[in-house]
Amino acid sequence: MVKRMAVVVHGGAGAPSTDADGCVRAAHAAIAAMRRGDALDGAVAAVVAMEDDGRFNAGAGSVLGLDGVTVEMDAAIMDTRGRLGAVTCLRRTRNPVLVARAVANTPHWLLAGEGAERFAREAGFAEHAVGNSRAQAAHRRLIAKLRAKLPALPGIDTQFFERQVRDHQAKPEGGDTVGAVTRDAEGHFAVAGSTGGIAPALLGRVGDTPIIGSGFYAGPHGAVAATGVGEQIVRHLLAHTVYGWIAEGMPLHRALTRAIDFFPEEVDVGLIAVSRTEAGSKSNRDMPTDHLEHD
Ligand code: ASP
């Protein structure tokens, strides 16, 4: 039986809702891709559009590491045709979500760091300098803020990293990560997500975005993606927890609200989900989103 296609896109918990036009464009890209392909094509097309947008913390707009130079990105894809792929701490690559999709064609599900980058080059993804002017400006603001807290510490040395990261992570912020969930005309589901992580963070830090069951999950009852502070999201295996409630028959919005209620007010968190009959989003912050359904 032919189903109604659906897509929900988010631009990150805590991101300005003025960026929602980027989500609208991404959602239309997903529907167009699903007309030609399937749910995974749709979710990936949406995320590529947002990685290329430049305003989101993914692909071109990924946040800079504390050194002001290094950018490490995470991405993942999963669908109900059995495809699962992810990358973490991937550098110098324009569209990490496309590399995650390529990983799904290997015997592995997750590649990290140097191995992920070598794989990306082998798979035909050219070296690309990420960290645009918007990311550089955000980095300068962050460094100014951190220095103001500890004016006695010179420069960005190891002590600066450790003390500032520890201090700042009393209240870390998620930001502008992107994700999409889709249902195609055959009733298959898919999820895709991509992020530059949070700032400040130590080199090698991994959040929830590339971790199955935490940042993303897709199964026969639907697909779920999370955004927000990865260190908190992983503790609840958030995407799989929500998926489990939907699979048990809980109305989608009740499942999303119940999950957001896990988190104290100061932790940024957001979710998008699609099921056989519903689709929606929920966050405890502003979160740019778009939701489209089409026959
Ligand atoms: N969840 C992402 C991370 O922790 C950040 C975000 O969603 O804004 O890496």
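In this predicted model, Gly 230 touches Arg 205, Gly 207 and Asp 208, with residues up to four places away in sequence left out of the count. Gly 230 itself is found in helix H7, which comprises residues 230-233, and, with a relative accessibility of 1%, Gly 230 counts as buried, because the limit for that class is under 20% relative accessible area.

Seen from the other side of this contact, Gly 207 is found in the loop between strand S6 (189-195) and strand S7 (216-219). Gly 207 is likewise buried, its relative accessible area being 6%, and, again not counting residues up to four places away in sequence, Gly 207 touches Asp 74 and Val 234 as well as Gly 230.

These contacts can be set beside the annotation. An unreviewed UniProt entry lists, under "binding site", Arg 205, Val 206, Gly 207 and Asp 208, together with Thr 227, Gly 228, Val 229 and Gly 230. Of these residues, Arg 205 is included in the lining of the second largest pocket.

A separate part of the description concerns aromatic side chains, of which the structure holds 3 pairs. One of them joins Trp 245 and Phe 262, whose rings are tilted, with 5.8 Å from centre to centre and 45° between the planes. Since Trp 245 lies in helix H8 (residues 238-247) and Phe 262 in the loop between helix H9 (252-260) and strand S9 (269-275), the pair ties together parts that are 17 residues apart in sequence. The two partners fall into separate accessibility classes: Trp 245 counts as buried at 9% relative accessibility, whereas Phe 262, with a relative accessible area of 35%, is partly exposed.

Phe 262 also pairs with Phe 263, and here the ring centres are 6.4 Å apart and the planes stand at 70°, so the pair is edge-to-face. Phe 263 is buried, with a relative accessible area of 8%. Trp 245, Phe 262 and Phe 263 thus form one aromatic cluster. A charged group is placed against this cluster as well, in that the charged end of Arg 258 sits over the ring of Trp 245, 4.2 Å from its centre.

Finally, a word on confidence. The protein averages a pLDDT of 91, and 89% of the residues score at least 70. Over residues 150-157, however, the pLDDT is below 50, although this stretch has 11 contacts in the model beyond near neighbours in sequence. Where pLDDT is low, the predicted coordinates should not be read in detail.

Terms used:
Residues numbered from 1 in each chain as written. Predicted model: local features only at pLDDT ≥ 70, side-chain atom pairs only at ≥ 80, totals over all residues. Heavy atoms only, no water. UniProt positions renumbered as here; feature names shortened; annotations may be inferred. 1 Å grid on protein atoms, 1.4 Å probe; cavity = no way out; pocket = protein on both sides within 12 Å on 5 of 7 lines; lining within 4 Å. Helix = DSSP H or I, 4+ residues; strand = E, 2+ residues; numbered from the N terminus. Buried < 20%, exposed > 50% of the residue type's maximum accessible area, 1.4 Å probe, protein only. Contact = heavy atoms within 4.5 Å. pLDDT = per-residue confidence, 0-100. Phe/Tyr/Trp six-rings, centres within 6.5 Å; stacked < 30°, edge-to-face > 60°. Lys NZ or Arg CZ within 6 Å of the ring centre and 35° of its normal.
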